[in-house]
Structure formats: structure tokens, C-alpha cells
Amino acid sequence: GHSRPRRLFPRVSTRFPREAMQTRVSVSRAPAVTSRVGAQPERILRQHAWAARTVKSASSAAFSITTRRGPVVCRASSSSPGPIRSLFNLEDIAKPFISAKDTLNEGIASFYDESSGLWEDVWGEHMHHGYYPGGAPRDDHVQAQVDMIERSLEWAGLEATESSSSSSVRIDRILDVGCGIGGSSRHMARRWPGCVTRGITLSPVQAERANELAREQGLENRSTFQVADALNQPFDDSSFDLVWSMESGEHMPDKGKFVNELARVCAPGGRILIVTWCHRILREGEKTLPEDELQLLDRICEGYYLPRWCSVAEYARLCADEGLVDVRTADWSEQVSPFWRAVIRTALTWRGFLGLLRAGPATVRGGLVMPLMHEGLRRGTIRFNLITATKPLS
Ligand code: SAH
């Protein structure tokens, strides 16, 4: 099988000292906290900090969390009666143990480990927006998702490549960066019967399921999937004719490194196609987005394990910086606008609702963020963008 990514906090147990218990620490949270620590250290630590802040009417409270590297003792105290101000920040204490990258990638991996089964049950094998021409609602959402793949290929000028005459690109080797459970890869494997696809994801559960579906669909000889980081790919330079990233770029903490890796593994003459969430292009005179728009994006980042957002203009610049040519971009925000309403509707069915609860806390949090995606697209803060570029022959 696939090896799981390294867990920094494999087992953490919480011990609230008696002193703390007597001061009404929210002990009921402790078991829930304990069970989740292995997956999301940063978030759990935040919850511990929260629990400590709920300590009331006492002069001091302390608890420790035990990590494999030893116990971390935490204290809160106050000189006057009333709510205790937290004198520590657990995240600061934990910083030496966690690098930012591990935290984000671990969060992404456990989020998709936890939620992919539910998504597949309700929506199927594609984990991306559907394409709704002109923004008009349609009911065949899964077909809309397949259309998104087809329309993207068409927009990039790749749809006619099977005849080989109308395009200079031959698609024999495809890389699916951030492959989910492999829906795009298998679709393209069927579309180009000669091609071989490789997919990478941070989630071991997704990689395993993607390979299983490839076996079920008789594609295991041409479509394979593995756990790997898009920012540090296990592939040689110039290995692929099409480097495809469908809605994974938003997870990448270093967009420059991301584009650099896509360009590195792309063969000369090959194509890169990124379909991703961006924030709007800044207006003239704007240095950043205004605070309210940033706050909306921040809340979405928490729910979906996303780092800082960028605009499509930044992607285009990064492609040019890499020496890529024929860089083109598009904005399909209108074409995806009905999508989130449909997702929310499925989450509000009993099946969807119970599914969210059963899947786990990260999935529930993801569910709570759905309306914000709808809101962000409606307000124009969030854009649904495409970027394509060619790696020059020399
Ligand atoms: N492209 C798929 C899945 C989109 S969901 C589809 O359209 O169905 C986002 C995917 O990006 C997840 O599979 C997640 O594991 C992956 N991902 C996020 N950050 C990644 C990284 N640094 N390296 C590899 N995969 C990553």
C-alpha cells in the first residue's frame, strides 16, 4: 500500500490537572480533542487554547498535552476574579514541532481522507465545479462536471488532438496534479486511448480509491495514482505532454514553486492547463483586497485548508517568469455560478447532512463554508479561472 505522510503528533493525550478541573475547564471537549489530534495538530492546539480561555473565576489553571516528544505544559492565570486571560498561546508553544508546510499538507491530506468518500457517494468521482453555459441552472450536475473537463480542453485547443493534424501536441503522457480520486485522469484516458496518465494527491485514501476505480474500469494499466507533493514531484524533467491541474492550485502555499514544478515536468512543446480558484484582479491603485474581502477568503481558507489566494494575473506572470509561452487566461466565474447552490442543496438532504456528521469535523466545517464560496463568487471576490501555457521547444 501507500505510506501515510509523516504525522507530527501521532498520539496526543490531554491531562487536565485537578486544579484546572476544579476551575471548570470545559472538560467535555477533552475527549473530542484527543481523538482528533493525530490529524490536525494546529487546529487541536487552537481548541486547547480555546478550552483554556473558558476557564472562569479562578486564579490559575494549567493543563498539559503529551506529545511523543514529551509533555507540553500550559498555564493560564489571572490576578483578578473573572474570566482568565490566556497567558500563553499554544500555537506558539507548538511552533518548534510544526513547520508551516507540514501543517497545511497534513490538514489537506486529512481533510480529503475524511471527506472524499462522502463526496463520491453523493456527487461521484469528480471533485470540481460543473460547467453551466451562461450561468443557467441545469440539473445534470455530474454531466456539468464532465463538461468542465471537456470545455477546458477545448478552450486550451486540445480537444481535437486525437486527429493529430489540427494541433501540434500529441497527448501520450498526462500528469494530473492534485488528482482527487482520479476522475479527470480516467476521463482523459478514455478520451485518448493511447495515453498514459499519472495522478498525485496528498491524500492516501484518495490515491488508493483512484487506483481501485482504475482497476474497476479496466484502466489500471494506463492510469495510476500515488501520494506525492505537487511542490516536490517524484518525476523526471520533461516527462509529460499535458500537465493538468483541476482545482488544486488553490491549495498550493507557494504558487511560484507550483508553476515551476509544472513547467519542469512538462515536456518541451507540451501544455500546462491550470483550472483554479483565484481572487479578483486588483483594481488600479489597490495594493491588496480590502479587509472585508480578505476576511471572507480567510474563513474559506480555514474550512478548506487553503493558503493565501492570488489573482489570475499573478499566475500569468509566474508562467511568463518560467519562460512559458502562449500564456492565456480565462474567467469562467459566470459558468460555475449555479454550482454551490446545488452542492448546498445536497448537503441539506438528510443523507447529505448525516453524511457530513458521520464523515467528521473537518467535513462539517467544509460544509459550513459552502455558502461563503457562493457568496464570494456572487460578490466577485472569488473568480474561477483557467490558465494555459506551452513549454517552448528550446
Ligand atoms: N482534480 C481533482 C481533485 C480536486 S480536489 C478533481 O477535479 O476531481 C483538490 C486535490 O488537490 C486533492 O486531491 C488534494 O489532495 C490535492 N492537493 C492539494 N495540495 C496538493 C499538493 N501540495 N500536492 C499534491 N496534491 C495536492
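This briefing covers the seven-stranded sheet, the surroundings of Cys-179, the ligand site and helix H7. The model is predicted. Its sheet is open and has mixed pairing. The protein covers 99% of the 570 Å² of accessible area that the ligand has on its own.

**Sheet**

- The seven strands run in the order S6-S5-S4-S7-S8-S10-S9.
- Strands S6 (223–227) and S9 (325–331) are the edge strands; each has a single partner strand, so one side of each has no neighbour in the sheet.
- On average, neighbouring strands of this sheet are turned by 15° against each other, direction ignored.
- Five bridges join strand S4 (residues 173–177) to strand S5 (residues 196–201), and the two pair in the parallel sense.
- Val-177 has Ile-200 of S5 as its bridge partner.
- Helix H15 (residues 361–379) packs on the sheet, where it touches strand S8 (266–279) and strand S10 (382–390). The direction of H15 makes about 75° with that of S10.

**Cys-179**

- Cys-179 sits in the loop between S4 and helix H7 (183–191).
- With a relative accessible area of 7%, Cys-179 is under the 20% limit for a buried residue, so it counts as buried.
- Leaving aside residues up to four places away in sequence, Cys-179 touches Gly-199, Ile-200, Thr-201 and Phe-225. Among these contacts, Ile-200 is also the bridge partner of Val-177.
- From C-alpha to C-alpha, Cys-179 and Ser-203 are 9.7 Å apart in space, and they are 24 residues apart in sequence.

**Ligand site**

- There are 19 residues around the ligand, and those that come nearest are Met-127, Gly-178, Thr-201, Gln-206 and Ala-230.
- Gln-206 has a polar side-chain atom 2.5 Å from an oxygen atom of the ligand.
- His-128 likewise places a polar side-chain atom 2.8 Å from an oxygen atom of the ligand.
- Gly-178 contributes a polar backbone atom, which is 2.7 Å from a nitrogen atom of the ligand.
- Thr-201, one of the residues that come nearest to the ligand, is also touched by Cys-179.

**Helix H7**

- H7 is mostly covered, with eight of its nine residues buried.
- The buried residues of H7 are Gly-183, Ser-184, Ser-185, Arg-186, His-187, Met-188, Ala-189 and Arg-191.
- Their cover includes the helices H6 (141–155) and H8 (204–216). Strands S4, S5, S6 and S7 (240–246) are also included in this cover.

Key
Residues are numbered from 1 along each chain as its sequence is written. This is a predicted model: local features need pLDDT of at least 70, side-chain atom pairs count only at pLDDT 80 or more; totals for chains, interfaces and linings use all residues. Side-chain values use heavy atoms; hydrogens and water are left out. Two strands pair if DSSP finds at least two bridges between them. Helices (H or I, at least four residues) and strands (E, at least two) are DSSP runs, numbered from the N terminus. Axes are lines fitted to C-alpha atoms, for helices over the stretch in contact, and angles run from 0 to 180 degrees between N-to-C directions. Contact means heavy atoms within 4.5 Å. Buried means under 20% relative accessible area, exposed over 50%, partly exposed in between (1.4 Å probe, protein chains only). A residue is near a molecule or strand if one of its heavy atoms lies within 4 Å of it. A polar contact is a pair of N or O atoms within 3.5 Å; within protein, one must be able to donate a hydrogen and the other to accept it, and residues adjacent in sequence count only if both atoms are side-chain atoms. Accessible areas come from the Shrake-Rupley method with a 1.4 Å probe; for residues, only the protein chains shown count as cover.
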